[in-house]
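Subject: Structure for your review

Dear colleague,

Please find below the structure that I am handing over to you. My findings follow it, grouped by topic.

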Amino acid sequence: MRIALGLEYNGSAFKGWQYQVHTATVQAAVEAAISKVVNHPIRVVCAGRTDTGVHATAQVIHFDTDVMRDDRAWIFGINANLPKTISVQWFKYVSDDFHARFSALARSYRYILLMRPMRPALLPRYVTWDYRQLNIEFMREALHSLIGQHDFSAFRGAGCQAKSPVREVQYATLTQAGEMMWLDIRANAFLYHMVRNIMGSLIVVGAGVQSPGWLAEVLASRQRERAAATAVPDGLYFTGVYYPEHFNLPNEPRYPHIA
């Protein structure tokens, strides 16, 4: 029997999603909680592995078990064994051909910036602070060059294990409300540090250090050293996974309440 779960988590206290020995990871905490509910060891598969400090509002995982529990136990039982920074939001029985990672058609992220002269005291791990007022129109013009299928080697982090650097960015938009600005981006898949590297380069454009056309030049170069520094993880959220309709899973992105 295969079960899919939707997870929300605060990534601040974890060294990313993927299991590591003697290190707090989201995967380790989730597997321990589910294993207690089913009374046998469980291994889970996620839709997209998040980095150290990255949050999620709509992570999707699957696992297999022959143990039967009522609907309430799958959510409340697992949550009772999870740290408060991780929460199961929904569950569903799925067919054996469902795979949290390989069945996914696309994934989405949101990156949140707080722009004001003084550093925040209340939101330091949930947004990325920049003391400058960034030019959103410059950033939007630059962002347009990333839409479509491209070789994203220039925004690929060191240590990326993907076989190909080619990805299709299906949607990307920047929104501003007062001191807050956020990037929403959806692609068929993402490279290691791809969103943070894109955001780091957009910030450089917004600050006037580089022109909007510079981002297209960086993309075409396929050279990581041409792009800007990687943006910090604090403002990054994994917000959605999109599956074929016949799996009947939630396909709408879930956004953090901060922005």
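I begin with the cysteines. The sulfur of cysteine 160 has its closest cysteine sulfur in cysteine 46, at 14 Å, which is too far for a bond. Please bear in mind that this is a predicted model. Seen from the other side, the sulfur of cysteine 46 likewise finds its closest cysteine sulfur in cysteine 160, at 14 Å, and this too is too far for a bond because a disulfide requires sulfur atoms within 2.5 Å. In keeping with this, a search of the whole structure returned zero disulfides. As to their surroundings, cysteine 160 is buried, with a relative accessible area of 19%, and cysteine 46 also counts as buried, at 8% relative accessibility. The cut-off that applies here is under 20% relative accessible area.

The next topic is helix α5, which spans residues 214-221. Its buried residues are Trp214, Leu215, Val218, Leu219 and Ser221. Viewed down the axis of α5, these residues fall within an arc of 165 degrees, so they line one face of the helix. The general background is that an α-helix has 3.6 residues a turn, so residues three or four places apart point the same way. Against which elements do the buried residues of α5 pack? Their partners are α3 (136-143), β7 (148-151) and α4 (194-206). After α5 comes arginine 222, whose phi is positive, near 60 degrees.

Within this helix, I looked further at tryptophan 214, which lies in α5 and is buried, with a relative accessible area of 9%. Leaving out residues up to four places away in sequence, tryptophan 214 touches Ser201, Val204 and Val205, as well as Arg226, Ala227 and Ala228. For a separation across the model, the C-alpha atoms of tryptophan 214 and serine 164 are 24 Å apart, the two residues being 50 residues apart along the chain.

Finally, I turn to histidine 193. Where is histidine 193 placed? Histidine 193 sits in the loop between β9 (180-187) and α4. Is histidine 193 buried or exposed? The residue is buried, with a relative accessible area of 19%. When neighbours within four places in sequence are set aside, histidine 193 is in contact with Asp51, Phe155, Gly157 and Thr230.

Yours sincerely

Key. Residues are numbered from 1 along each chain as its sequence is written. This is a predicted model: local features need pLDDT of at least 70, side-chain atom pairs count only at pLDDT 80 or more; totals for chains, interfaces and linings use all residues. Side-chain values use heavy atoms; hydrogens and water are left out. Buried means under 20% relative accessible area, exposed over 50%, partly exposed in between (1.4 Å probe, protein chains only). Helices (H or I, at least four residues) and strands (E, at least two) are DSSP runs, numbered from the N terminus. The arc is that of the directions from the helix axis to the C-beta atoms. Contact means heavy atoms within 4.5 Å.
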